[in-house]
Every structure is written in structure tokens, then in C-alpha cells.
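Student: I should like a close look at a single part of this structure, namely its aromatic residues and the helices beside them. Please take me through that part in one connected account.

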Amino acid sequence: MNQPMPAEPKPRWERRKDARPHELLSAALDLFVDRGYAATRLEDVARRAGVSKGTLYLYFENKQELFKAVVRENIVQVIGRAESDVAAADDVSCSELLRTMLRRWWTDVAATRASGLAKLIMAEAGNFPEIAQFYNDEVIARGHALLSSIVRRGIERGEFAPVDPDVMTRVLTAPVIMLMLWAHSFDPCGSQVEPDVFLDTYLELVRRGMAAG
């Protein structure tokens, strides 16, 4: 008795239609981080994701819209969840809340592949001001507003010394950004900084420096 011939496997983009956007965003993240914005080509993103370039255009109009989607998928969603958690954490001390949010930024963004997007923006903002403006509006400004709200709440409750919340927020974020950029620039050269040790030291300094009195 003849056995039926096995069905010929379908192309990956047909087998996993629902996964297309996620696979495209994952491929785009890798290429943006590895090559930069200018050198990333849509056909290369499609090829890495296992789809045709035409399929990519079904989901993203152009490279700029693809980049925005990558940032929203990997960073903006993290900020959105953090905003909800801060709003619901009225009974948590501001010192602990600030510590939690700074550590979460490290674990959810800075210690992931997505941290390379910050380096990309710093390197290519002058050539692509439209994506720099987008990143500023949806990542930097929202993250800054979130941390400022915690600092302001701590001052109002008498937990923190009276400082300018906006200036203090920039002081708070600068070391974490430096650690993130260091990991992408100098860790491969052997000049490594242990993130946990760095963050523990930094957050203890913040706790002592911001305490009221």
C-alpha cells in the first residue's frame, strides 16, 4: 500500500503568519543595533526575518516607521508599565520607588539588546533629526517625567531634600546611561564594569545624598 507523500513544508512566513510583525521587529532590532540606522536596509531586515520585502511593507510603510515600532516595542512599553506602577504605588516610600525604577530600567532595557538603540540615537541624531525627535518625545521625555514625579513626590512628603526635580532627574539618569553606553563601547575591548556592583554603589549614594536632613 502506497504511503501518502508528506506535505511540502510551507515558507516560514506562511506557517507563522501571526508572528510576522514580531519577527520583523526582532530582526530590525538586531540590524539597527549592529549596523546603525543609515546602514540598515529593509531588504536585509526582511531576509533575516524570513519574509519577502513586499511582506515587510504590509506592516511598515518605511524604515522610519519600522524604527519607531522597534522603539515602541522594546522601550516605550517598558516606560508605560512603569508609569502605571508608579501611579499605583502611593504607599511605597519614594526612596524605594526610585531605586526600583532605576533598577528596572537597567534590567528591562539597559541590560537588553534594546540598549543599543540609545547609542544609535546619539551617534546618528545629527543626520536623522526626525528619529531623534521621536526618541526624545517618546523615550527621554516620558522617562524624565516619570522619575521627576517620584522626586517631586519625595520632596513633598519630606523624604527627600529640597532640590530641583528636573535637574536631579538628569543627574540620576546620567550614570545609568553611561553604564549602558560603556557596555556597548568598551566591554568588547575588555574594559568591563560589573553592572550589579556599579548599580549597588550608585543607588546607595543616591539614597544617602537625597535623604532629607
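Tutor: Phe32, Tyr37, Phe67 and Phe128 form one aromatic cluster. The model is a predicted one, and a search of the whole structure finds four aromatic pairs in it.

A pair of aromatic rings is described by the distance of the centres and the angle of the planes. For Phe32 and Tyr37, the ring centres are 5.7 Å apart and the planes meet at 10°. Planes under 30 degrees apart count as stacked, so Phe32 and Tyr37 make a stacked pair. Phe32 has a relative accessible area of 0% and is therefore buried. Tyr37 is also counted as buried, its relative accessibility being 4%.

Tyr37 pairs with Phe128 as well: here the ring centres lie 4.7 Å apart, and the planes stand at 65°. Because plane angles over 60 degrees count as edge-to-face, this second pair is edge-to-face. The pair of Tyr37 and Phe128 links distant parts of the chain, with the two positions 91 residues apart. Tyr37 belongs to the loop between helix H2 (20–35) and helix H3 (42–49), whereas Phe128 belongs to the loop between helix H7 (116–124) and helix H8 (129–156). Phe128 has a relative accessibility of 18%; buried means under 20%, so Phe128 too counts as buried.

Tyr37 has a further neighbour, this time a charged one. Lys63 lies over the face of the Tyr37 ring, at 4.6 Å from the ring centre.

The two helices on either side of the Tyr37 loop, H2 and H3, may be considered next. Two packed helices are described by the angle between their axes and the distance between the axes. H2 and H3 pack at an angle of about 125°, and their axes are 8 Å apart. That angle makes H2 oblique to H3. The crossing in which H2 passes H3 is right-handed.

On the H2 side, the residues that meet H3 are Glu23, Leu24, Ala27, Ala28, Asp30, Leu31, Asp34 and Arg35. Their partners in H3 are Asp44, Val45, Ala46, Arg48 and Ala49. The buried residues of H3 are Leu42, Asp44, Val45, Ala46 and Ala49. Just after H3 comes Gly50, which takes a positive phi of about 80°.

Key:
Residues numbered from 1 in each chain as written. Predicted model: local features only at pLDDT ≥ 70, side-chain atom pairs only at ≥ 80, totals over all residues. Heavy atoms only, no water. Phe/Tyr/Trp six-rings, centres within 6.5 Å; stacked < 30°, edge-to-face > 60°. Buried < 20%, exposed > 50% of the residue type's maximum accessible area, 1.4 Å probe, protein only. Helix = DSSP H or I, 4+ residues; strand = E, 2+ residues; numbered from the N terminus. Lys NZ or Arg CZ within 6 Å of the ring centre and 35° of its normal. Axes fitted to C-alpha atoms, helices over the stretch in contact; angles between N-to-C directions. Parallel < 35°, antiparallel > 145°, perpendicular 65-115°, else oblique. Left-handed = near helix turned anticlockwise from the far one by under 90°. Contact = heavy atoms within 4.5 Å.
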